[in-house]
Amino acid sequence: MSTTLSAEEDLRHIETSLDKLFRVAMESLEAVENALREAKPLDLSANTALAEHLKDTIYTEALFFIAKWQPLGHELLYVEALIKVSYDLFRITRYANEIALTISLAPGTRIDSQVVEVARTAREMVERAFRALLEKKRDIAKNVEELDAVIDRAYRAALQGVASKEQVPREEALACIILRQLERVADHATYIAREVLRALAPS
Amino acid sequence: MSASKTMYRSDKLLYYSLLPFAAIVIAAFIMLFAILGYVSAPALRKYGISLFTTTKWAPNEANPSKSVYGLLAPLFGTLVSSAIAVLLALPVTVSIVLVIEEYSPERLRELIGSIIEVMAGLPTIVYGLWGLEVLAPFLREHVYSPLHQLLGFIPLFSCKPITGFNLATAGVLLSIMILPYMVAVARDAYRSIPFTYKEAALTIGATRYEYAKIMMGLAKPGIIAAALLGFGRAAGETVAVALVVGNVPLVSGCLFKPAYTISSLIANQFSMAPLYPYMMSVLFTGGLVLLLIGMAANTVAVIMIARARKRLG
Amino acid sequence: MERDAVRTENLNVWIHGKHVLKNINFRAAVSAITVIMGPSGSGKSTLLRSINRLIEIVPGTKVEGKVYIFGRDIYSDDPYRVRRYVTMVSQTPNPFPHMSIYENVAIGPKLHRLVRSKEELDKIVRWALEKAMLWDEVKDRLNDPPTRLSGGQQQRLCLARALALKPRILLLDEPTANIDPVNARKIEEAIKMLVKEEGITVIFVTHTPAQAVRVADFIAFIYNGELVEYGPAREIALNPRHRLTEMYLRGEIG
Ligand SMILES: Nc1ncnc2c1ncn2[C@@H]1O[C@H](COP(=O)(O)OP(=O)(O)OP(=O)(O)O)[C@@H](O)[C@H]1O
Ligand SMILES: [Mg+2]
């Protein structure tokens, strides 16, 4: 155990854990993109377990931080944000895992390249939202919310396509399900962005 | 006094009813000064400063106006014997305080405490007789003679100790007599050192000796006060000193010569004083000087004690 | 070498017949801050004083059991030697009023002849005052008496006085008890820095759970002379196993 000197130092510790979790999420999303592009099966269960563990660690660390330093004002909001963001990143990893499961159920099925495009956008959203958090930049966060609309539209369109048909080809059905999961990923990216806007002290 | 504004009625009553008693003390003190001053005035007017620069004490029966009265020798004797007394008593005081307060078990502490109380309570004539019969011969035999033989080249010991009745013996006897008072004052000062400083000294790894040094540093104003009070007492001591000091008006650098002190002078000459004009007045001047010496020592001591209190919180 | 800087084994202390510490098995890890937490009268100061044998100057005490410091049983050692590398800062600021600020810090190194020259002494005094985060405030008045300092500054001066001995173990008895929050944080920070940079082992007594959690690497909770629970600060703060600890943290007993 090493003695920490200040609240800032303890916060950096939590942020480091969170950054690890972020990288697990990003790696999972990238793997999903590749699998979609190449129609290959994928297993992300290890990533999911790691993400869950990291999330739990961050919860404990953040709780202890609150007990230890009794933060107030924006510092308190920021710690809350770290907790919420760790949950979002964990969920994002879980959705990536579900997409991987979906793909693996029908190996070799070609998925529309537009879905790959949406997956890339979702990943970018996560990346931007997280950057906004660590770099404490509100404008980056705002940008994320705008992108969310794009993904929503893509998902709605796919859903409508499926709903309007008597019979749906397998690719289309799978694409719709995957889009739905990507839409959830984007949602969590948006939550992160909103946390940033809420927790950062107006400069 | 701002407190009087908020005083209750009954408090006020008490305050005013006690006022006369305080006034009596102050009045008595002022009167003491006034009378001493009044009676001394003729001598001061006649002899002026020469009263304090002359050693000779020569009352002239035939021609009273040719009488010579000098207080220099008794003043010198008083100051030197008192100084010797304090110098001798001080290290003993410090050691006794340390032994009582730090290094003795409960029993021994109580024993030493009561011995000192008994010492303080003894009539001074007892010290005087003991000094006369025991101390003076003993010192001459076992201390002064060897000192003179071995260290005779030092002016202090350069004269032959013909008798044991001299300045040195007066100093030694006085040191024994003032010891109980000095111990009492110094012990109080030592005890008023808050426990937390004792702890502080020990927590930085001070050994017993170093610890004692630090404690003495803390108690220093109180110990200086003890020395001053001791000096005041020694200067005023009469009977015992008169028995051992030799009663010869001499100013000498050698401690083994007989001497005089103001108080022994007063005691010895008082009965004859009415026979000579001015002698009474001169003796009262001596008394006034004693009073001033005593007051100065006490005032400084009180200031030292107050300072110590303030410092230790 | 042991991992524990301090370890007690079935330590029992009686003061005037009162059983004040009961079978305490306490330890403090090297180069970490171990907090002794507990309500008033629970025996925190007594435990602390058993570790530098200061308990012996309190009349009427009886000590049983062992205290090991770096594996050595201190009760079969010279108490004055022990107190050189196990120094203590008391609950109330107690700089020596008859010495200057400088002398207060210099006295330890001087006593133990840790220095050979005035320059070396100056250096140690400055180092200690810097580590106690007091240097900037007193560097221009080192010859003033300490009574001119504020309570918080005096407490930091006491810390500096202890540090000037370059102790390996530092005992702190509620060092921020009578001090405003800003000064208190300064002292806490100074202490953490010492652990980190100098590898000193710190045992820190406090009765406030918030401070315990804030400064501790490990927390020992004592109640009624008994060591109720001991563990990493995080464990004690988030997952105390004993009901008494839980209640104390919540402020329900004390
Ligand atoms: N000199 C003494 N004489 C008698 N009893 C004592 C003495 N010192 C301590 N005690 C007793 O020992 C017990 C523990 O005291 P201690 O000073 O160790 O408590 P503490 O936990 O440090 O309390 P606090 O937070 O008030 O400083 C108390 O119940 C107290 O009554
Ligand atoms: Mg205490």
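Helices and strands are taken here as DSSP runs, with at least four residues for a helix and at least two for a strand, numbered from the N terminus. On this basis, Lys166(C) is placed in the loop between helix H6 (151–163) and strand S8 (169–173) of chain C. The model is a predicted one, and the features below are described from its atoms.

Lys166(C) adopts a positive phi of about 50 degrees although it is not a glycine. With a relative accessibility of 44%, Lys166(C) is classed as partly exposed, because that class covers the values between 20% and 50%. A positive phi, near 50 degrees, is also found at Ala39(A), again a residue other than glycine. Ala39(A) belongs to the loop between helix H1 (7–38) and helix H2 (45–69) of chain A. The relative accessibility of Ala39(A) is 11%, and Ala39(A) therefore counts as buried.

The cysteines were examined next. One disulfide is counted over all chains, and this bond joins Cys159(B) to Cys254(B) with an S to S distance of 1.8 Å. The link is left-handed, with -80 degrees about the S-S bond. Distant parts of the chain are connected by this pair, the two cysteines being 95 residues apart. Cys159(B) is found in the loop between helix H4 (124–151) and helix H5 (167–191) of chain B, while Cys254(B) is found in the loop between helix H8 (239–244) and helix H9 (262–269) of chain B. Both ends of the bond are buried: Cys159(B) has a relative accessibility of 10%, and Cys254(B) has a relative accessible area of 5%. Burial is likewise assigned to Cys176(A), with a relative accessible area of 8%, and to Cys158(C), at 2% relative accessibility.

Aromatic side chains were then considered. A pair of aromatic rings is described by the distance of the centres and the angle of the planes. Twelve aromatic pairs are counted over all chains. One of them is formed by Tyr87(A) and Phe90(A), whose rings are tilted, with 6.5 Å from centre to centre and 55 degrees between the planes. Both residues lie in helix H3 (residues 74–105) of chain A, three residues apart, which is about one turn of the helix. Tyr87(A) is partly exposed, at 33% relative accessibility, whereas Phe90(A) is buried, at 4%. In chain B, a single aromatic cluster is made up of Tyr47(B), Trp57(B), Tyr69(B) and Tyr278(B).

Charged side chains are also placed over aromatic rings. Arg233(B) lies over the face of Tyr181(B), 3.7 Å from the ring centre. In chain A, Lys55(A) is positioned over the face of Tyr59(A), at 5.5 Å from the ring centre.

The surroundings of ligand 1 comprise 15 residues, of which Lys18(C), Ser40(C), Lys44(C), Ser45(C) and Thr46(C) come nearest. An N or O atom in the side chain of Lys18(C) lies 2.6 Å from an oxygen atom of ligand 1. For Lys44(C), the corresponding distance between a side-chain N or O atom and an oxygen atom of ligand 1 is 2.7 Å. Ser45(C) places a polar side-chain atom 2.7 Å from an oxygen atom of ligand 1. Ligand 1 taken alone exposes 640 Å², and the protein buries 67% of that area. Strand S2 (18–24) and helix H1 (44–51) of chain C each provide at least two residues of the shell. Helix H1(C) contributes the most to this shell, with three residues.

Conventions: Residues are numbered from 1 along each chain as its sequence is written. Chains are lettered from A and ligands numbered from 1 in the order in which they are written. This is a predicted model: local features need pLDDT of at least 70, side-chain atom pairs count only at pLDDT 80 or more; totals for chains, interfaces and linings use all residues. Side-chain values use heavy atoms; hydrogens and water are left out. A disulfide is a pair of cysteine sulfur atoms within 2.5 Å. Buried means under 20% relative accessible area, exposed over 50%, partly exposed in between (1.4 Å probe, protein chains only). Rings of Phe, Tyr and Trp (its six-membered ring) pair if their centres lie within 6.5 Å; planes under 30 degrees apart count as stacked, over 60 as edge-to-face and the rest as tilted. A charge sits over a ring if NZ of Lys or CZ of Arg is within 6 Å of the ring centre and within 35 degrees of the ring normal. A residue is near a molecule or strand if one of its heavy atoms lies within 4 Å of it. A polar contact is a pair of N or O atoms within 3.5 Å; within protein, one must be able to donate a hydrogen and the other to accept it, and residues adjacent in sequence count only if both atoms are side-chain atoms. Accessible areas come from the Shrake-Rupley method with a 1.4 Å probe; for residues, only the protein chains shown count as cover.
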